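Student: I am new to this structure and would be grateful for a close look at a single part of it. Please then set that part within a connected account of the rest.

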Amino acid sequence: MFGLEPGARAPSVSLKTLDGQTYSIGGGQTGWQLLVFFKTDCPTTAPVMHYVNRIYDTYGDSPDFHVWGISQNPAAETAPLVSWQGIQFPIVLDEDWQASSAYDLVFVPTLLLVDDQGVIRTTHTGLNKAVLNNLSADIAEHLGRPVVKVALPDDGQPVFRPG
């Protein structure tokens with residue numbers, strides 16, 4: 001699917017938010033990070049972002065866990081999606097594909113769970129409810145919290161959808 005697999009070191013990249021602030025994501029940051037690369041015109045993006053919002057709502061108050069949405073689109077195309085989806089987690093822009101190239105991405109949406117040592121623990125492309133629930137379980141275990149299923153079988157979304 002893409003070059004960086006679990007066990008690889010996550011590249012550190014600096015990207016700007018919709019309001020122009022610069023943040024570093026990836027390897028070398030404090031705490032675990034869930035990185036979600038997406039394109040606004042991908043039909044799988046909307047349901048994935050819904051579930052990632054649930055992960056953020058559940059665990060995002062921890063200083064040891066961060067979620068970053070990484071848009072491959074310009075701000076003018078990304079902002080409406082963020083508003084429409086009610087996305088609560090930070091979104092950074094990868095308009096020149098600097099981060100996407102560093103992570104050797106081929107498809108979106110792609111999710112990567114990076115630990116506090118900068119090592120990629122999990123990678124997945126597309127929508128897969130089992131993967132999303134496993135991500136939630138891994139994050140909960142790391143934070144010492146109860147596990148919350150974020151993708152329920154009867155929530156109106158398919159169990160799997162490719163990116």
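Which class applies to Asp104, buried, partly exposed or exposed, and what is its relative accessible area?

Tutor: Asp104 is partly exposed, because its relative accessible area is 44%; buried means under 20% relative accessible area, exposed over 50%, and partly exposed in between, with a 1.4 Å probe and protein chains only. The model is predicted, so local features need pLDDT of at least 70 and side-chain atom pairs count only at pLDDT 80 or more, while totals for chains, interfaces and linings use all residues. Residues are numbered from 1 along each chain as its sequence is written, and side-chain values use heavy atoms, with hydrogens and water left out.

Asp104 belongs to the loop between H3 and S6. Helices (H or I, at least four residues) and strands (E, at least two) are DSSP runs, numbered from the N terminus. The backbone at Asp104 has a phi near 55 degrees, a positive value in a residue other than glycine. Pro109 also has its place in the loop between helix H3 (98-102) and strand S6 (110-114). The peptide bond that leads from Val108 to Pro109 is cis, and its omega is near -5 degrees.

On the other side of H3, Trp97 sits in the loop between strand S5 (91-93) and H3. Trp97, which is not a glycine, has a positive phi of about 65 degrees. With 36% relative accessibility, Trp97 counts as partly exposed.

From these loops one may turn to a strand residue. Val36 is part of strand S3 (residues 32-38), and its relative accessible area of 0% is why Val36 is buried. If its neighbours within four places in sequence are left aside, Val36 is in contact (heavy atoms within 4.5 Å) with Val48, Met49, Val52, Trp68, Gly69, Ile70, Thr110 and Leu111. Between the C-alpha atoms of Val36 and Leu127, 91 residues apart along the chain, the separation is 12 Å.

Trp68, one of the contacts of Val36, leads to the aromatic rings. Rings of Phe, Tyr and Trp (its six-membered ring) pair if their centres lie within 6.5 Å; planes under 30 degrees apart count as stacked, over 60 as edge-to-face and the rest as tilted. The count by this rule is four aromatic pairs. One of them is tilted and joins Tyr23 to Trp68, at 5.2 Å centre to centre with 45 degrees between the planes. This pair links distant parts of the chain, as Tyr23 is in strand S2 (residues 22-26) and Trp68 in strand S4 (residues 65-71), 45 residues apart. Tyr23 is partly exposed at a relative accessible area of 33%, whereas Trp68 is buried at 10%. A further aromatic pair, Tyr59 with Phe65, is edge-to-face: the centres are 6.5 Å apart, and the planes stand at 90 degrees. Tyr59 and Phe65 are both buried.

Met49, also in contact with Val36, introduces the packing of two helices. Helix H1 (residues 45-59) packs against helix H2 (residues 75-85) at an angle of about 55 degrees, and their axes are 11 Å apart. Axes are lines fitted to C-alpha atoms, for helices over the stretch in contact, and angles run from 0 to 180 degrees between N-to-C directions. H1 and H2 are therefore oblique to each other; angles under 35 degrees count as roughly parallel, over 145 as roughly antiparallel, 65 to 115 as roughly perpendicular and the rest as oblique. Their crossing is right-handed; a crossing is left-handed if the near helix is turned anticlockwise from the far one by less than a right angle, and right-handed if clockwise. H1 contributes Thr45, Ala46, Met49, His50 and Asn53 to the contact, and H2 contributes Leu81, Trp84 and Gln85. By class, this contact of H1 with H2 has four nonpolar, four polar and no charged residues. Here Ala, Val, Leu, Ile, Met, Phe, Trp, Tyr, Cys and Pro count as nonpolar, Asp, Glu, Lys and Arg as charged, and the others, Gly among them, as polar.

Two further loop residues complete the account. Ser62, in the loop between H1 and S4, counts as buried because its relative accessibility is 10%. Apart from neighbours within four places in sequence, Ser62 is in contact with Leu143 and Arg145. Leu152, in the loop between helix H4 (129-143) and strand S9 (160-161), is partly exposed at a relative accessible area of 34%.
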